[in-house]
Amino acid sequence: MAEPSIRYPRRVIAVANQKGGVGKTTTVINLATALAAVGHQVLVIDFDPQGNASTGLGVPPAERQRSIYQVLTGELSLDEATMATQVPNLQLVPATRDLVGAEVELMDGERREARLRDALFEGAADIEFVLLDCPPSLGMLTVNGLVAADEVLVPLQCEFLALEGLSHLLHTVERIRRNLNPHLAIRGIVLTMFDKRNNLSEVVAEDVRANLGGRVFDTVIPRNVRISEAPSHGLPVLLYDWRSTGAQAYMQLARELLGRYGKEAA
Ligand code: ADP
Ligand code: MG
């Protein structure tokens, strides 16, 4: 595996959108794998009680002895809950069903919005990229994710009314920036499930670019059956079928992301 030429300071990227089924988990798994494949040390934190990122990375419920829930309650440190995956350079803090309870239990705790941030402060020392797979809501878990993050990445499905939910999310990001995490940046919007045979995909993509301009990644993730098959094998699409257009798109997204950091550093 090639050594990356530049070591970046650790970046915590929350992948968020309160809508379900837009490609958050898919983006977390495959962007993480693409970054790991070029030699970066990556940690995925599964922050969704459904645990789809854990399953998709090959860790079924029965193999999740430790989870992010125990980190939020203070029972375990982040490093104690971290496990290796089959993907070299890629580690995971899995989620279990009891994470559902955290939404409620965190409502009246001390530093309730900063639990994850505090846990990250003390752990993951060798990690360069932390990717957070947020649940499909703007509740306490997503708020914890956004408070812990340096930046947020928003997958947006190319469908009717895509922009409507987005304004709500951007509003939440703004509120968190004002009150809890002043340096939270919007890294970008990633258009997902783009179907070139469907005219609507094209129209939505143009509309989003017209409204959000430079915040939208040039890379577009196509609708690709290999992407949807891969999780049932417990594999990122890059391991399942690296030649597929889906795998290539996520490699391209990783390159574009790293390119954006490179420009900032220069
Ligand atoms: P979210 O985490 O936002 O709920 P997922 O990443 O789980 O969304 O995606 C929802 C469903 O769509 C999953 O079954 C996933 O496999 C499928 N999917 C996601 N991205 C693509 C894509 N580019 N092409 C085909 N299927 C996709
Ligand atoms: Mg998901």
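**Exercise 1. Decide whether G23 is buried or exposed in this predicted model.**

Solution. Start by counting the neighbours: G23 has 21 other C-beta atoms within 10 Å. Next, recall the cut-off, which calls a residue buried at 20 or more such atoms. G23 is therefore buried.

**Exercise 2. Place G23 along the chain, then find what G23 touches.**

Solution. First, look between β1 (11-15) and α1, where G23 sits in the loop. Then leave aside residues up to four places away in sequence; the contacts of G23 are P155, Q157, T192, M193 and I221. As a further check, try I176: this residue is 153 residues from G23 along the chain, and their C-alpha atoms are 23 Å apart.

**Exercise 3. Describe the shell around ligand 1.**

Solution. Begin with the residues: there are 18 around the ligand, and K24, T25, T26, I227 and S228 come nearest. Now sort the shell by character, which gives 6 nonpolar, 10 polar and 2 charged residues. Finally, assign the shell to elements: α1 (24-37), β7 (185-194) and α10 (225-229) each supply at least two residues. The largest share, 3 residues, belongs to α1.

**Exercise 4. Find the residues that touch the most other members of the largest nonpolar core.**

Solution. Nonpolar side chains tend to be buried together in soluble globular proteins. Here the largest such core holds 79 residues, and V44, L131, L132 and Y250 touch the most other members. Helix α1 gives the most to this core, with 8 residues. Take V44 as a worked case: beyond four places in sequence, V44 touches V28, A32, A53, L57, L90, L92, L131 and D133.

Note on methods
Residues are numbered from 1 along each chain as its sequence is written. Chains are lettered from A and ligands numbered from 1 in the order in which they are written. This is a predicted model: local features need pLDDT of at least 70, side-chain atom pairs count only at pLDDT 80 or more; totals for chains, interfaces and linings use all residues. A residue is near a molecule or strand if its C-beta atom, placed from the backbone, lies within 6 Å of it. Helices (H or I, at least four residues) and strands (E, at least two) are DSSP runs, numbered from the N terminus. Ala, Val, Leu, Ile, Met, Phe, Trp, Tyr, Cys and Pro count as nonpolar, Asp, Glu, Lys and Arg as charged, and the others, Gly among them, as polar. A nonpolar core is a set of buried Ala, Val, Leu, Ile, Met, Phe, Trp, Tyr and Cys residues joined through C-beta atoms within 7 Å. A residue is buried if 20 or more other C-beta atoms lie within 10 Å of its own, exposed if 12 or fewer, and partly exposed in between; C-beta atoms are placed from the backbone. Two residues are in contact if their C-beta atoms, placed from the backbone, lie within 7 Å.
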